[in-house]
Each structure stands twice: as structure tokens, then as C-alpha cells.
Amino acid sequence: MEYIASEKGDSTENRDPNSLISNGTPKTAVDNKSNVDEKSHMDTESAPCTSESTEESEVCEIPEQVEFTVVFNKMKHEITFAYDASVLELKAHLERICGVPQSAQKLIIKGMARDDMTLRTAGVVKGGKVMLVGSKMDDILAVKSAPKEILEEKASSQSNKEPLCMQKIHRKVLDKGIPPDVMPGIKGVKEPLPPIPLSGMLNKHGGKVRLTFKPEQDQLWLGTKERTEKLAMTSIKSITSEPIKDHEEYHIMGLQLGPTEASRYWVYWVPAQYIEAIKDAVLGVWQFF
């Protein structure tokens with residue numbers, strides 16, 4: 001018997017009806033598509049959510065803040081600042097607020113705070129106080145343009161080589177000897193100011209005098225038996241000091257309160273280790289004379 005090929009050939013209609021789905025699409029094609037969709041779904045589940053992870057990584061942690069009060073010239077400024085920021089960064093912030101040049105600032109927290117300290121290590125606490133000592137630029141410029149008499153007097157005094165302790169005006173006080181209750185002096189050492197007044201020293205009349213530093217009020221108090229003179233630190237134009245011969249652990253110190261030498265307030269038997277700290281506390285870095 002001859003076999004006659006169908007005119008329709010190997011068409012889809014001649015295939016196994018089980019190989020077709022209802023819409024006429026070959027089952028093999030559907031199976032392939034299903035496998036692709038399943039693989040795509042599995043890949044989607046296994047892949048991390050990159051957009052969410054990126055957003056989380058871009059969130060910056062806010063530095064810990066501390067709130068405290070800065071006192072300057074009897075004015076109080078409420079400050080909120082990063083707890084681990086440096087003292088130098090705080091000074092830059094305070095320059096904009098208080099008008100005191102950063103390099104002329106001294107911050108008293110638990111003693112004098114160093115620029116490289118953080119606020120945390122310097123001792124700043126929540127609700128605490130920080131004392132700012134310094135002069136505004138206008139005050140600095142006023143000191144810089146001091147009267148001509150001071151400059152002439154300085155030049156004259158430099159040409160006079162006779163030590164202060166050998167001059168007659170000072171000998172009458174020094175000849176009385178070291179006061180028995182003066183604080184001990186140390187030669188060749190620099191120390192910060194103690195937390196108590198410097199006492200037991202003498203003035204030009206031979207009377208007892210004590211120095212009390214009030215950085216929160218920007219004042220220096222000169223106390224005698226009769227009275228206490230409260231001086232604004234900005235009123236002290238310069239400080240002169242020299243070691244006392246044969247007693248170099250002590251100095252003669254003169255506070256320049258006016259334009260002439262007669263305006264100096266002399267203090268005798270000042271412990272040598274505190275001389276630089278006194279100058280820093282009163283004049284800061286702006287010592288023009």
C-alpha cells in the first residue's frame with residue numbers, strides 16, 4: 001500500500017494535541033518562558049536591595065552635641081557645639097559671636113584649655129560655664145596706637161642698663177628683705193596661675209598686696225589692707241618685670257596703667273614661676289610693648 005503524504009505537511013495541527021495549549025502556542029515555548037520568569041524571580045529575591053542599602057549608607061550620624069554657657073565681659077552666650085570638636089574650632093565659632101580674634105582668646109574651663117583639646121577632654125559639661133578672656137579688635141588696635149610718650153619711654157628705659165633692683169626707688173622696698181608670708185618662688189620654671197590669689201607681696205609703699213585674677217569679669221583685683229582696686233584687664237597696657245638680684249626666684253613687676261612711667265603700679269617679690277602666666281592672663285598674645 002502506498003502512503004501519501006499530507007498536503008498540510010508537518011504543521012502544528014498534525015502534532016500531538018498535548019503539545020499545544022488553548023491559545024495555540026506551543027507548550028515548549030511556554031515552558032521556556034516559565035523557566036525564564038522563575039529564574040528572574042529567584043534572582044530578584046536573592047539580590048540585595050541596592051537602593052535601600054545606598055540610602056542607609058548615605059545617612060550621616062549626627063555628632064554628639066553639648067550645651068553650655070560662654071561668659072565674656074559679663075555677657076552670657078548660650079552655645080550648642082559638637083562635644084568632640086576641638087577647642088580651636090570653638091574659638092573660631094566664638095570669634096564670629098563675640099568679636100574676639102581667635103588668636104587673642106583664652107578659654108577657662110578647668111584651667112586654661114589648650115587648642116588641641118576636645119571640649120570633652122577639656123572638661124566642658126552640659127549646662128556648664130566657659131570663661132572667655134580676650135580683647136576685641138578695636139581694643140587691640142587702640143593699644144597698638146598708644147601715645148607717643150609710651151614708645152619714647154620704652155626706648156629710654158631700654159637704653160638705661162641699670163637693673164630695676166639697683167634703682168633707688170626700688171631699693172627702699174627691697175632692702176626690707178623677703179616678706180615672711182610671701183608665696184615660695186621657683187627660678188627657671190613656668191607654672192599656671194594657682195586657684196588662689198597671689199599674696200604676701202609688697203607695693204611701692206612697703207605695704208602688703210595680693211593679686212586676684214577674675215577672668216569671668218575680665219578684671220585684676222589689687223588688694224591691700226586699706227582697699228581693693230578692681231582693674232579692667234584692658235586698662236593694663238603692658239607689664240614690666242625683672243628678677244631681683246641674689247633672689248632670682250622672685251621678680252619686680254610693674255603694671256602700666258597710664259601713658260608715663262609714673263603710671264606704673266609696682267609689685268615686689270612676685271614668684272618667678274607665675275610671671276609668664278600673669279602676662280598671659282592680662283595681656284594674652286597681644287603684648288605690643
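The following legends accompany close-up views of a predicted model of a single protein chain.

**Figure 1. Overview of the chain and of the confidence of the prediction.** The predicted chain has 289 residues, of which 35% are buried. Its secondary structure consists of eight helices and eleven strands. Among contacts between residues at least 6 apart in sequence, 53% join residues at least 24 apart. The average pLDDT of the chain is 78, and 69% of the residues score at least 70. Two segments fall under 50 in pLDDT: residues 1-15, for which the model has five contacts beyond four places in sequence, and residues 39-57, for which the model has zero such contacts. Where pLDDT is low, the predicted coordinates should not be read in detail.

**Figure 2. The largest pocket and its lining.** Rolling a probe the size of a water molecule over the atoms shows where empty space is left. The largest pocket holds about 750 Å³ of space. Its lining comprises 31 residues, and those nearest the centre of the pocket are I108, M112, L193, P215 and A281. By class, 19 of the lining residues are nonpolar, five are polar and seven are charged. Both domain 1 (65-140) and domain 2 (164-178 + 186-283) contribute at least three residues to the lining. Among the secondary-structure elements, strand 3 (106-108), strand 4 (129-133), strand 6 (208-214) and helix 8 (275-283) each provide at least two lining residues. Helix 8 gives the largest share, with four residues.

**Figure 3. Helix 8 and the residue that follows it.** Helix 8 is mostly covered, with seven of its nine residues buried. The buried positions are I275, A277, I278, K279, A281, V282 and L283. One of them, A281, is also among the residues nearest the centre of the largest pocket. After helix 8 comes G284, which has a positive phi near 65°.

**Figure 4. K190 beside the start of helix 8.** K190 is located in the loop between helix 7 and strand 5. With a relative accessibility of 69%, K190 counts as exposed, because the cut-off for an exposed residue is over 50%. Beyond residues up to four places away in sequence, K190 touches Q273 and E276. The C-alpha atoms of K190 and I275 lie 7.7 Å apart, although 85 residues separate the two in sequence. I275 itself is one of the buried residues of helix 8.

**Figure 5. I196, a second residue of the loop between helix 7 and strand 5.** I196 lies in the loop that joins helix 7 (168-174) to strand 5 (198-203). I196 is classed as exposed because its relative accessibility is 53%, the cut-off being over 50%. L211 is 15 residues from I196 in sequence, and the two C-alpha atoms are 9.2 Å apart in space.

**Figure 6. L90 and K91 in helix 3.** L90 is a residue of helix 3, and K91 lies in helix 3 (residues 87-98) as well. Both meet the cut-off for a buried residue, which is under 20% relative accessible area: L90 has a value of 0% and K91 a value of 7%. Neighbours within four places in sequence aside, L90 is in contact with F68, I79, F81, L107 and L119. The C-alpha atoms of L90 and T118 are 9.3 Å apart, with their positions 28 residues apart along the chain. K91 touches Q102, Q105, L107 and D115, again not counting residues up to four places away. L107 thus appears in the contacts of L90 and in those of K91.

**Figure 7. Two residues other than glycine with positive phi.** Most residues other than glycine have a negative phi. K74 is not a glycine, yet its phi is positive, about 70°. K74 occupies the loop between strand 1 (65-72) and strand 2 (75-82), and is exposed, with a relative accessible area of 62%. D218 likewise has a positive phi, near 55°. The position of D218 is in the loop between strand 6 and strand 7 (219-223). D218 counts as buried, at 9% relative accessibility.

Technical notes. Residues are numbered from 1 along each chain as its sequence is written. This is a predicted model: local features need pLDDT of at least 70, side-chain atom pairs count only at pLDDT 80 or more; totals for chains, interfaces and linings use all residues. Side-chain values use heavy atoms; hydrogens and water are left out. pLDDT is the predictor's confidence in each residue, from 0 to 100. Contact means heavy atoms within 4.5 Å. On a 1 Å grid over the protein atoms alone, a cavity is a set of points where a 1.4 Å probe fits but cannot get out, and a pocket is an open set with protein on both sides within 12 Å along at least five of seven lines; lining residues have an atom within 4 Å of a point. Grid points are joined across faces, edges and corners, and a volume is the space filled by probe spheres set on the points. Ala, Val, Leu, Ile, Met, Phe, Trp, Tyr, Cys and Pro count as nonpolar, Asp, Glu, Lys and Arg as charged, and the others, Gly among them, as polar. Domain bounds come from an automatic or database domain assignment. Buried means under 20% relative accessible area, exposed over 50%, partly exposed in between (1.4 Å probe, protein chains only).
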